[in-house]
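Subject: Structure handover

Hi,

Here is the structure I promised to pass on. Please open it beside this email and follow along. My notes come after it.

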Amino acid sequence: MITIFYWFLALLCICIFTVADSVAAQTEEPIPIIFDTDFVMPPQNDGLALMLALQSPEIEILGITTVAGNDSVERATSDALRMLEIANWVDIPVYQGADMPLVHEKSDFAVRGYGKWYSNEPPEIPPGGFATKQVEDEAAVSFIVKTVLSRPQEVTLIAIGPLTNIAQAIRAEPKFAENVKRLVIMGGAVALLPDGAGNITPNAEFNFWVDPEAARVTLRSGIPIELSPLNVSRKSALTKDWYEKLVAVDTPLTQLLKDTMGRRFAADPDRKWLMYDQIAIASVIDPTLVTTERLFVDVNIDHGISYGVSVGGRAIWPGAEGAQQMEVQYDLDWPRFVDLFASRIRSPVRGDRVQATFGQ
Ligand code: RIB
Ligand code: CA
């Protein structure tokens, strides 16, 4: 009789905890974020990352801040505005940020290599034409600082371009860094961990190389940081099969994918599409998708062969005094990640503020 009573009690506890868990999951507040990006259309990685964020109820985008990187900041702004119209999220404000890195100047190498961060050319016409939605009058750095200070320890920054805006915010307001809840950065490559080569110079990753000084200021700011470097990007590989699953559903977002991914898979059906910025977003939605190691990470700002190279270590080494520890992503649960990514992108667009205008 006593045994039955204890079995009954145990069952009751399990039921209570299960119900409590599911209620907690349903009532959990979305994570307030600022999305800092060197966006271009048709959507590449920043665009796919924004789609994922917009389609995810776990995230609330307080504002999008733009920065020069993949192209000029004017193009980043123009294209981000257009993307929000296509996704029906016109009430998310867009703030224009830095048009050049803190120190790094245009060079022949930059012009020959990837990215037009130094460009003065007017933005290209995005799919469907320029947005009617307008950029905010306030500058990105002012918005970032004001938002963080008005919600101390609440706001997560997700930076998926060069870190110029974030470094300027850190420098502009001494109380800024201590009031940021968390900063998730797509940037860098860590040689200590597998797959740690660079992608713009032998050891430097693009976002850190465009603005090495900003990356160094940011990484030494004291903000709790999670770094999503090339090491973890290289655990991803979106194939043509997955592309076909994405575009099998017709939404304004999947239509856009045909412009970039479609063209590239048509040219090279065997290509593997690396995910960069998308992993940073996914790791905020579900931190169990990535594996991290806590390392000291610093950035080289000598204008020589290692300009913009990030270096990670398990203990401080000479020259890195003052570097801070952060979580460094180095592995990815690809099957779960790609399932999450595909299911969110294939879902009906969540933004329901206005009619879709794509193609008009
Ligand atoms: O090095 C990868 C980074 O550069 C990503 O942010 C991607 O968007 C590319 O521009
Ligand atoms: Ca980017």
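**Strand β6 and its neighbours**

Start at glutamate 226, whose bridge partner in β9 is glutamate 327. One caution before we go on: this is a predicted model.

β6 and strand β9 (residues 324-332) pair in the parallel sense, over two bridges. Strand β5 (residues 182-186) also runs parallel to β6, and four bridges join them. One of the pairings is easy to find: methionine 186 has serine 228 as its bridge partner in β6.

Now look at the two faces of strand β6 (residues 225-228). Side chains in a regular strand alternate between the two faces of the sheet. Are the residues on the faces of β6 buried or exposed? Ile225 and Leu227 lie on one side, Glu226 and Ser228 on the other, and all are buried. Both faces of the strand are covered.

**The whole sheet**

Step back now. Nine strands form an open sheet, and the pairing is mixed. Their order is β3-β2-β1-β4-β5-β6-β9-β7-β8. Why do β3 (94-96) and β8 (310-313) each have one side without a neighbour in the sheet? They stand at the edges, each with a single partner strand, so one side is left free of a neighbour. On average, neighbouring strands of this sheet are turned by 30 degrees against each other, direction ignored.

Next, find β1 and strand β2 (residues 59-66). They run parallel and are joined by seven bridges. Isoleucine 31 has isoleucine 59 as its bridge partner in β2. Helix α5 (residues 140-150) packs on the sheet here and touches β1, β2, β3 and β4 (156-159). The direction of α5 makes about 150 degrees with that of β2.

**The calcium ion**

Go to ligand 2, the calcium ion. Which residues supply its protein donors? They are Asp38 (OD), Asp46 (OD), Asp46 (OD), Ile160 (O) and Asp277 (OD). These donors lie 2.2 to 2.9 Å from the ion. Along the chain they follow the spacing D-x7-D-x113-I-x116-D. Aspartate 38 and aspartate 277 link distant parts of the chain, being 239 residues apart. Aspartate 38 sits in the loop between β1 (31-37) and α2 (45-54), while aspartate 277 belongs to helix α13 (residues 277-285). Both aspartates, 38 and 277, are buried.

**Ligand 1**

Which residues are around ligand 1? They are Asn45, Asp46, Asn70, Tyr114, Ile160, Met186, Asn199, Glu205, Phe206, Asn207, Tyr276 and Asp277. Three of the side chains are worth a click:

- Asparagine 70: a polar side-chain atom lies 2.4 Å from an oxygen atom of ligand 1.
- Aspartate 277: a polar side-chain atom lies 2.5 Å from an oxygen atom of the ligand.
- Aspartate 46: an N or O atom in the side chain is 2.9 Å from an oxygen atom of the ligand.

Aspartate 46 and aspartate 277 also appear among the donors of the calcium ion.

Asparagine 45 is found in helix α2. Why does asparagine 45 count as buried? Its relative accessibility is 14%, and buried means under 20%. The side chain of asparagine 45 makes a polar contact with the side chain of glutamine 278, at 2.9 Å. Leaving aside neighbours within four places in sequence, asparagine 45 is in contact with Trp273, Leu274, Met275, Tyr276, Asp277 and Gln278.

**Threonine 239**

Threonine 239 sits in the loop between α10 (230-233) and α11 (240-247). It counts as partly exposed, at 24% relative accessibility. Its C-alpha atom is separated by 5.2 Å from that of lysine 272, 33 residues apart along the chain. Not counting residues up to four places away in sequence, threonine 239 touches Phe265, Arg271 and Lys272.

**Backbone details in the loops**

A cis peptide bond joins methionine 41 and proline 42, with omega about -10 degrees. Proline 42 lies in the loop between β1 and α2.

Glutamine 153 is not a glycine, yet its phi is positive, at about 65 degrees. This glutamine lies in the loop between α5 and β4. It is partly exposed, with a relative accessible area of 43%.

Aspartate 195 also has a positive phi without being glycine, near 60 degrees. Look for aspartate 195 in the loop between β5 and α8 (206-210). With a relative accessible area of 36%, aspartate 195 is partly exposed.

Best wishes

Note on methods
Residues are numbered from 1 along each chain as its sequence is written. Chains are lettered from A and ligands numbered from 1 in the order in which they are written. This is a predicted model: local features need pLDDT of at least 70, side-chain atom pairs count only at pLDDT 80 or more; totals for chains, interfaces and linings use all residues. Side-chain values use heavy atoms; hydrogens and water are left out. Donors are N, O and S atoms within 2.8 Å of the metal (3.2 Å for Na, K and Ca); water is not among the atoms, so sites may look incomplete. Buried means under 20% relative accessible area, exposed over 50%, partly exposed in between (1.4 Å probe, protein chains only). Two strands pair if DSSP finds at least two bridges between them. Axes are lines fitted to C-alpha atoms, for helices over the stretch in contact, and angles run from 0 to 180 degrees between N-to-C directions. Contact means heavy atoms within 4.5 Å. A residue is near a molecule or strand if one of its heavy atoms lies within 4 Å of it. A polar contact is a pair of N or O atoms within 3.5 Å; within protein, one must be able to donate a hydrogen and the other to accept it, and residues adjacent in sequence count only if both atoms are side-chain atoms.
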